[in-house]
Amino acid sequence: MTAVLRTVNRILLGLLGLVLLLFGGSVLAVGLGVKPPSWWIYDGPDDVLLSDARRTRWRADDWWWPVVIAVLAVLVLLALWWLTALLRRHRLGEVLVDTGDGEGAVLRGPALEQALASEAADLDGVDTAHVHLQGRRTAPEARVRLLLEPHVDPGTALHRLTTGALAHARDSAGLAALPAEVRLNAVKHRAERVS
């Protein structure tokens, strides 16, 4: 769901930005003296964007105000949905652990995140580790960000993470799989002088 929301967010922002850029650029171009096409709503530097005649054109018609209110209500609802989707916490609150006896136990998501981050930070060459769990309680997914020391091979660090910390978290929670997205960054450091 997060990837879909991220894609929708980028598409909507891109389209909105493109429309605003084209409209604003065309108004600026006409204001600077470029001759607009005959169908364009803005005729020249002395013209207003929305004249009184255009603004009050359909005000007397019965359908005008219900349509305006309906369109604005839909836009407000879409904006509120978009805002709540962006602000909603995507962090997994708990993980369901199969105890093998037909019952289940619940493991707090932040506790598993902290244990996984602590074990990942203890790996050789890892400066800092951040873990974020998402997905469903029966099938969690981990997003791991490691800050590596300058001398560490990223492939080795990734192998140690997957065979160590991630495998331990998967086994201790009794999960069949624990898919992970791992981002590796290097610690900023000063260049070493060679003499």
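Q: In what order do the 3 strands of the open sheet stand?
A: This is a predicted model, in which local features need pLDDT of at least 70, side-chain atom pairs count only at pLDDT 80 or more, and totals for chains, interfaces and linings use all residues. Residues are numbered from 1 along each chain as its sequence is written, and side-chain values use heavy atoms, with hydrogens and water left out. Strands are DSSP runs of E with at least two residues, helices runs of H or I with at least four, numbered from the N terminus, and two strands pair if DSSP finds at least two bridges between them. The pairing is mixed, and the order is β3-β4-β5.

Q: Which strands are the edge strands?
A: An edge strand here pairs on one side only. That applies to β3 and β5 (180–186).

Q: Over how many bridges do β3 and β4 pair?
A: One bridge joins His 130 to Arg 145 in β4. The two strands run in the antiparallel sense, and the count is 9 bridges.

Q: Which element supplies the largest share of the largest nonpolar core?
A: Such a core is a set of buried (under 20% relative accessible area, 1.4 Å probe, protein chains only) Ala, Val, Leu, Ile, Met, Phe, Trp, Tyr and Cys residues joined through side-chain atoms within 4.5 Å. The largest one has 25 residues. Elements supplying at least two residues each include β1 (94–98) and α4 (109–121). The largest share, 5 residues, comes from α5.

Q: Which residues have the most contacts inside this core?
A: Contact means heavy atoms within 4.5 Å. The residues are Leu 116, Leu 146 and Leu 161.

Definitions and conventions:
Buried < 20%, exposed > 50% of the residue type's maximum accessible area, 1.4 Å probe, protein only.
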